[in-house]
Structures are given as C-alpha cells and as structure tokens.
Amino acid sequence: MAQTPPPRALDSFDKAILRLLQRDNKMPQRQIASRVNLSAAAVQRRIASMEKAGIITRNCAEVNVRAVQMSITAIVEVHLVDERIATVDAAKALFQASPSVQQCYYVTGGISFVVIIVAKDMTTYEEITRELFSRNEAVARFRSLIALDRVKCGMDIVIP
C-alpha cells in the first residue's frame with residue numbers, strides 16, 4: 001500500500017504569499033515579491049510549488065450573488081438512511097457533481113451532511129431539493145435553513 005507523502009512544509013515566505021493571494025489572487029507577482037522581500041521569479045517558483053503540492057487548490061473569482069440574481073442561499077441539513085461507506089460515498093459523489101451545491105461538508109453530530117445551495121428563486125430551490133434529496137432513497141430527511149442576509153461569505157483561512 002502506497003503511503004501519502006508528508007505535506008510540504010511552509011516557511012514564512014510561503015505563508016506571506018498565501019495571505020496576499022487569499023486577498024487578491026490577481027495581484028501581480030512582482031507586487032507580491034516586493035511585499036514579501038523576494039524576487040518575482042522566486043515568488044513564481046513558490047506559487048507553482050504550492051499548486052503542485054496541493055496547497056493552493058484553485059484560483060477563482062468570488063461572484064456577488066445579487067449581481068447574478070441568485071436570491072436564495074440555503075443551508076441544508078441532510079440525514080442519510082444509514083452511514084455505510086457505499087451510502088456516504090454515493091451522497092458525496094452526487095453533491096460534488098451538482099452545480100447547484102456551492103459547499104458540502106460530511107459532518108458528525110447526528111447530521112450526515114451540511115450542504116450550501118445558492119439558487120435563483122424558491123421555485124428553482126424546490127427543483128434542486130427534489131433532485132438531490134426528495135427523490136434520493138439514501139436521504140432519510142433534510143431540513144432547509146434559508147439565509148436572510150449574507151453577513152460574511154468567503155473561503156479565506158487564517159494562516160499562522
């Protein structure tokens with residue numbers, strides 16, 4: 001059985017670069033370089049290395065949901081009929097494949113999954129719930145919490 005290699009160690013330069021990229025991943029590398037006291041070439045090599053190591057997993061744009069008329073954000077608690085590996089793995093695959101699912105967490109505490117869904121309106125949201133939960137024999141029940149306001153939304157993490 002192959003062992004997973006240990007994660008690449010991050011030094012203070014890597015961490016400083018990650019903090020800057022989390023705020024603005026379009027920041028020019030020469031600007032990052034001047035802020036972290038490295039050459040632009042060194043910053044480029046470090047970013048490429050962190051991408052290859054899976055530390056930086058994706059570069060994307062955060063879209064204003066109101067600007068694209070997506071008015072419903074739902075936090076959904078999903079209870080599966082059982083927690084067998086096949087049931088859980090099938091649910092993970094379904095949620096991961098769905099473009100309507102913005103985030104999905106397999107959790108403990110009496111709930112199987114917490115799923116974040118963004119939809120245009122309640123009619124669209126109902127169609128999504130039918131597809132993902134109501135027609136899914138692996139789902140015992142689900143509960144939707146509809147957000148009244150997005151107080152904070154993002155994927156930034158604190159990098160020590």
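Analyst: Between two axes, angles under 35 degrees count as roughly parallel, over 145 as roughly antiparallel, 65 to 115 as roughly perpendicular, and the rest as oblique. This is a predicted model, in which local features need pLDDT of at least 70, side-chain atom pairs count only at pLDDT 80 or more, and totals for chains, interfaces and linings use all residues. Residues are numbered from 1 along each chain as its sequence is written, and side-chain values use heavy atoms, without hydrogens and water.

User: At what angle do H1 and H2 pack, and how far apart are their axes?

Analyst: Two packed helices are described by the angle between their axes and the distance between the axes. Here H1 and H2 meet at about 130°, with axes 10 Å apart; the two helices are therefore oblique to each other. Phe13, Ala16, Ile17, Leu20 and Leu21 of H1 make the contact (heavy atoms within 4.5 Å) with Ile32, Arg35 and Val36 of H2.

User: Which residues of H3 are buried?

Analyst: An α-helix has 3.6 residues a turn, so residues three or four places apart point the same way. In H3, Ala42, Val43, Arg46, Ile47 and Met50 are buried (under 20% relative accessible area, 1.4 Å probe, protein chains only). They cover an arc of only 135° around the axis, taken from the directions to the C-beta atoms, which puts them on the same side of H3. These buried residues pack against helix H1 (12-23) and helix H2 (29-36). On the other side of H3, Arg45 and Lys52 are exposed (over 50%).

User: What follows H3?

Analyst: Gly54 follows H3, and its phi is positive, near 80°.

How values were computed
Helix = DSSP H or I, 4+ residues; strand = E, 2+ residues; numbered from the N terminus. Axes fitted to C-alpha atoms, helices over the stretch in contact; angles between N-to-C directions.
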